[in-house]
Amino acid sequence: MIRALLLKNRMLLIAFGCLIIFSVYDNGSLHENAASLLSSNSSLSNRFFKVISLTSIAIITYYSVACCLIARSYILRIVGTLLFCAGVVNAFSSQVSGSFPDAMLMGVAIQNRHFAGAFISNNWKLVLYVLAYSSAILALVIWVRAKLSLACSNKVAASLLLLAIIGNYAISSSTGGRRPAFYGYNVTMASAKAIFTQVVPYTKRAKVVATECTQCPDLVFYVIDESVTYEALSAVNSIVLQASAISERLGVPAFTYKAYSAGNHSAVSNYVLRLGVGKSSYPDSNHATLALPSIFSYAKASGYKTVLYDAQSENGRLQNDLSPFDLADIDHFITSAASSKFYDRDLIALRKLRKFIDEANPTNRVAITLVKWGAHYPYLNSIPPQLIEELQPECRSTDMSFSSQKLYCTKAQYEAALRFSVDQFMEQVFSILDGKNFALVYTSDHGQNISSKNQLPHGSPENASECEISVPILIAGKTFIHVKPSSTRKSHFQIPATLLNIFGFASKVKAGEGPIWSEWHGGSDFLRNPFEPAGQWHKAMGSCAY
């Protein structure tokens, strides 16, 4: 009798299965997405339409997985199991990263599977927990299907699956991939791509012979910002571009330059900016640069204590092709706490770095590299709540998909982020450095494309805007007393040579790959991956129309 009653309510059983899957694997994604849409600038009817559409896609997605798991077709069961496993990965990535589902994190984890042992040992309890409850749910589904002869029509399961794929693709494409799709669809694609991509063969870096540097500054402060376009800094009249004012304030030579970045996204530029070689070493299809000394290697050989603070990473996670082998030359590796507010991360970093800065002296030299959180997209994340309130009401939401003021608000948010994360931050840096024997090198990993509708803000896979590779470079300190002002365009590829000069290794710089004060003749070519095929360079489209 009970069996007959349950069979009559087959769809209710499937719905109950959906609720189990949803409660276990959603990780707040539906709530986060709905809350963002409800706080958008569009009309009330548009906001509710988007939330209803979003919820409908969620229901269809979870229902499709439940139906596939008990479908009559073995192929659909396999698909359902794979999607279920994708949900496991999705949930796991969320719990590891401390934020709601992040497909990119899993792509990074898979690419770094060379160090899977350390990753698993750090998270072994969570791994066991996820495997246990996932196996229990799958076992329950198999038992119910066998015990009650419960099955879902192949036609229904396939139809729901098709609708779910279309719906999730619509979410991903309409938001430029910024908003995560439901139930592991994004993470499935990211993981598949990472699995079939060549593993980076990390190796030990070559040692640098120690040298005695009598003219080296006590402190080298190397700042790599995020998403700062030169043209945007010019629009907000940033202090970073006012070399004479900086020089007068600090009492040391200071120079600012407009430059090309090495790449149009963070990973490639950060990799290039960490090594001691120039453009001729790239593209590196043979991974030869993995064995070359990093800037930390040269700093250590020159007698510096080395510090790397990555404000974009959380809980000790390595990113941007930073490997455990690099850590051998880094005395202190620090990352952000996952619980910290994004707009607070750079100032927290500066407070933590203050002790290293204050300890620097001729007998205790310190070389600090800070990878900032910066003006990270979405830009409102980089602004404190009190500054968001200063924006016009229609520009106070991260979601502007239906806003008639989208371009205006995007620029307003971005420029507010720059004023806070660049100018207010650097004002504090100048105050801390005042009176010390320092060398300051500041740049951004890449620029940001605001105006064009045909490319991404950065990282465009094709037809990249020149705004994506237009960045500032600032150098300041007594060590640059010999430098003369220059208005010619510079490049990220000159920064390694600049750092080698600061650390007393000018002789190690290859001919034609001089420091930032030398002329740049290497053009605007950029990389999308440091390990691309030999000779494969990319060019941006036109000039930066900010």
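**View 1. Helix H17 lying across four strands of the predicted model.** Here's helix H17, residues 406–433, lying across S1, S5, S6 and strand S7. Strand S7 covers residues 470–477. Check the direction against S6: H17 runs at about 170 degrees to that strand.

**View 2. Strands S1 and S6, side by side.** S1 takes in residues 219–225 and S6 residues 438–444. The two pair in the parallel sense, over seven bridges. To find your place, start from Val220, whose bridge partner in S6 is Ala439.

**View 3. The whole open sheet.** Eight strands make up this sheet, and the pairing is mixed. Read across and you get the order S4-S3-S5-S1-S6-S7-S2-S8. Strand S4 (332–336) and strand S8 (490–491) stand at the edges; each has a single partner strand, so one side of each is left without a neighbour in the sheet.

**View 4. Helix H15 over its strands.** H15 spans residues 345–359 and lies across S1, strand S3 (305–314), S4 and strand S5 (366–371). Relative to S3, H15 runs at about 170 degrees.

**View 5. Zooming in on Asp346 in helix H15.** Is Asp346 buried or exposed? Asp346 has a relative accessible area of 6%, and because the cut-off for buried is under 20%, Asp346 counts as buried. Its side chain reaches the backbone nitrogen of Trp373 at 2.6 Å. Setting aside neighbours within four places in sequence, Asp346 is in contact with Ala311, Lys372, Trp373, Gly374 and Phe425.

Methods. Residues numbered from 1 in each chain as written. Predicted model: local features only at pLDDT ≥ 70, side-chain atom pairs only at ≥ 80, totals over all residues. Heavy atoms only, no water. Buried < 20%, exposed > 50% of the residue type's maximum accessible area, 1.4 Å probe, protein only. Polar contact = N/O pair within 3.5 Å; in protein donor to acceptor, adjacent residues only side chain to side chain. Contact = heavy atoms within 4.5 Å. Pairing = 2+ DSSP bridges. Axes fitted to C-alpha atoms, helices over the stretch in contact; angles between N-to-C directions.
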